[in-house]
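I opened the notebook to go through one structure, entry by entry. The entries record what I looked up.

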Amino acid sequence: MIDITVLGYVAAFCTTCSFVPQVIHILKSKDTRSISLAMYTVFVLGVLLWFVYGVLVKDWPVIVANAITLLLASFILCLKVRDVLRIKKRDQVVV
């Protein structure tokens, strides 16, 4: 039988690593148009809350997974916000 903590770490590894290809794609393409600003904003907030929850209940798989996911998703969110602001600024100048 698998230890429940090991199961938690494996699940955490899988969900956390799922953001790495998105980060790499954005860094290579420098394109965030297909990323939803609203979705990433809500997602980052949710991950932050899961991280706080993990800290409060002292659940290390939850803490570690959400700390790393928070960094990766926040990075994507920052790039998206930067691009949205650039587009708005550019559109204001053109008009």
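The entries below run from the annotated spans to the pocket, the core and some lysines.

**Entry: status of the model**

I note at the start that this is a predicted model.

**Entry: annotated spans**

I checked the UniProt record before looking at the coordinates. The entry is unreviewed, and its annotation "transmembrane region" covers residues 6–25, 37–56 and 62–81. I then looked at how two of these spans appear in the model. Residues 37–56 are 100% helix and 0% strand, and the C-alpha atoms at the two ends of that span lie 29 Å apart. Residues 62–81 are also 100% helix and 0% strand, with 27 Å between the end C-alpha atoms.

**Entry: the largest pocket**

I looked up the volume of the largest pocket and found about 160 Å³. Three elements each give two or more residues to its lining: helix H1 (4–17), helix H3 (37–57) and helix H4 (60–94). Which of them gives the most to the lining? H4 does, with five residues.

I went through the lining by name. Gly8, Ala12, Thr15, Thr16 and Phe19 are in the list, as are Phe43 and Trp50. Pro61, Val62, Ala65, Asn66 and Thr69 complete the lining. By residue type I have seven nonpolar and five polar residues, and no charged ones.

**Entry: threonine 16**

I picked threonine 16 from the pocket lining for a closer look. Threonine 16 sits in helix H1. Is it buried or exposed? Its relative accessibility is 7%, so threonine 16 counts as buried, the cut-off for buried being under 20%. Setting aside neighbours within four places in sequence, I found threonine 16 in contact with Ala65, Ile68, Thr69 and Leu72. Two of these contacts, Ala65 and Thr69, are also on the list of lining residues.

**Entry: the largest nonpolar core**

I turned next to the largest nonpolar core, which has 13 residues. The members that touch the most other members are Phe19, Ile26, Ile35, Tyr40, Val44, Ala73 and Ile76. Helix H2 (20–29), H3 and H4 each give two or more residues to this core. H4 gives the most, with six residues. Phe19 is listed both here and in the pocket lining.

I followed valine 44 out of this set. Leaving out neighbours within four places in sequence, valine 44 is in contact with Leu70, Ala73, Ser74 and Leu77. Ala73 is itself among the core members with the most touches.

**Entry: lysines 30 and 58**

I checked phi for two loop lysines. Most residues other than glycine have a negative phi. Lysine 30 has a positive phi of about 55 degrees, and phi of lysine 58 is near 55 degrees, likewise positive. Where are the two residues placed? Lysine 30 is in the loop between H2 and H3, and lysine 58 is in the loop between H3 and H4.

I also looked up their accessibility. Lysine 30 has 64% relative accessibility and so counts as exposed. The relative accessible area of lysine 58 is 66%, so this residue is exposed too.

**Entry: lysine 89**

My last entry is on lysine 89, which is found in helix H4. Lysine 89 is exposed because its relative accessible area is 60%, over the 50% cut-off. I took one distance from here: lysine 89 and valine 47 are 30 Å apart in space, C-alpha to C-alpha. In sequence they are 42 residues apart.

Definitions and conventions. Residues numbered from 1 in each chain as written. Predicted model: local features only at pLDDT ≥ 70, side-chain atom pairs only at ≥ 80, totals over all residues. Heavy atoms only, no water. UniProt positions renumbered as here; feature names shortened; annotations may be inferred. Helix = DSSP H or I, 4+ residues; strand = E, 2+ residues; numbered from the N terminus. 1 Å grid on protein atoms, 1.4 Å probe; cavity = no way out; pocket = protein on both sides within 12 Å on 5 of 7 lines; lining within 4 Å. Points joined across faces, edges and corners; volume = space filled by probe spheres on them. Nonpolar A, V, L, I, M, F, W, Y, C, P; charged D, E, K, R; others polar. Buried < 20%, exposed > 50% of the residue type's maximum accessible area, 1.4 Å probe, protein only. Contact = heavy atoms within 4.5 Å. Core = buried A, V, L, I, M, F, W, Y, C linked by side-chain atoms within 4.5 Å.
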